[in-house]
Amino acid sequence: MSLQPLLDAVAPIPLHAFAAMAAFVLGVVQLIAPKGTLPHRTLGWIWVILLATVAISSFGIHGHSYRLWRDWSPIHLLSIMAPVMLVLGVIAARRHRVRAHAITMISIFAGALVIAGVFTLVPGRVMHTVVFGR
């Protein structure tokens with residue numbers, strides 16, 4: 001395992017990957033830690049910013065296969081949905097709709113970080129090289 005392929009990758013891949021990794025770790029902390037506290041809210045805003053960075057930066061990443069429309073693949077649909085769902089999750093929290101907030105944020109975590117993260121390990125992708133080598 002080496003981060004060198006990621007560090008050598010073209011922009012915005014390193015920004016996208018490091019923001020996603022930070023969001024994953026922070027998301028795990030958020031899932032485990034007490035809810036409704038000042039640290040939860042503060043870390044939650046950081047998580048939202050990281051996820052927005054992941055979503056926005058993904059539009060600069062184009063593969064050569066699995067194109068859905070122009071340079072974008074089906075995974076880019078998550079890049080459209082994630083910011084919308086982030087806004088809905090924040091609105092739910094601000095309206096004290098705890099269950100809706102939790103379901104929304106856990107769904108974003110699972111879809112945008114866990115499931116999409118698994119797809120980054122497909123051979124030929126930068127993160128496959130980082131984790132498994134050439």
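## Helices α3 and α4

α3 passes α4 in a left-handed crossing. This is a predicted model. Two packed helices are described by the angle between their axes and by the distance between those axes. For α3 and α4, the axes come within 8 Å and cross at roughly 155°. Angles over 145 degrees count as roughly antiparallel. The two helices α3 and α4 are therefore roughly antiparallel to each other.

Which residues make the contact between α3 and α4? From α3 come W45, W47, V48, L51, A52, A55 and S58. From α4 come H76, S79, A82, P83, L86 and V90. Sorted by class, this contact of α3 with α4 holds 10 nonpolar and three polar residues. It has no charged residues.

## Helices α2 and α3

α3 also meets α2. Here the axes come within 9 Å, and they cross at roughly 150°. α2 and α3 are therefore roughly antiparallel to each other. The handedness is left-handed as α2 passes α3.

The contact involves a long list of names. In α2, the residues are L15, H16, A19, A20, A22, A23, L26, G27, V29 and Q30. In α3, they are P39, H40, L43, G44, I46, W47, L50, L51, T53, V54, S57 and S58. By class, 14 of the residues in the contact of α2 with α3 are nonpolar and eight are polar. None is charged.

Some α3 residues appear in both contacts. Among them is W47, which takes part in the contact with α4 and meets α2 as well. L51 and S58 are further examples, listed for α4 and for α2.

## Helices α2 and α5

How do the axes of α2 and α5 cross, and within what distance do they come? They come within 11 Å and cross at roughly 150°. That makes α2 roughly antiparallel to α5. The crossing of this pair, α2 and α5, is left-handed.

On the α2 side, A20, A23, F24, G27, V28 and L31 take part. They meet I106, F109, L113 and V114 of α5. The contact of α2 with α5 has nine nonpolar residues, one polar residue and no charged residues.

## The second largest pocket

The second largest pocket has a volume of about 740 Å³. Its lining has 23 residues. Which of them lie nearest the centre of the pocket? They are Q30, H40, A93, H101 and M105. Two of these names are already familiar: Q30 of α2 and H40 of α3 belong to the contact between those helices.

Four helices each supply at least two residues of the lining: α2 (13-32), α3 (38-58), α4 (76-94) and α5 (98-119). By class, the lining has 12 nonpolar, seven polar and four charged residues. Charged residues thus appear in the lining of this pocket, whereas the contact of α3 with α4 has none.

## Two backbone features in loops

Most residues other than glycine have a negative phi, and most peptide bonds are trans. Two places in the model depart from these patterns.

A cis peptide bond joins A11 and P12, with omega about 5°. P12 sits in the loop between α1 (4-8) and α2. Where is H96? It lies in the loop between α4 and α5. H96 is not a glycine, but its phi is positive, near 60°.

Conventions:
Residues numbered from 1 in each chain as written. Predicted model: local features only at pLDDT ≥ 70, side-chain atom pairs only at ≥ 80, totals over all residues. Heavy atoms only, no water. 1 Å grid on protein atoms, 1.4 Å probe; cavity = no way out; pocket = protein on both sides within 12 Å on 5 of 7 lines; lining within 4 Å. Points joined across faces, edges and corners; volume = space filled by probe spheres on them. Nonpolar A, V, L, I, M, F, W, Y, C, P; charged D, E, K, R; others polar. Axes fitted to C-alpha atoms, helices over the stretch in contact; angles between N-to-C directions. Parallel < 35°, antiparallel > 145°, perpendicular 65-115°, else oblique. Left-handed = near helix turned anticlockwise from the far one by under 90°. Contact = heavy atoms within 4.5 Å.
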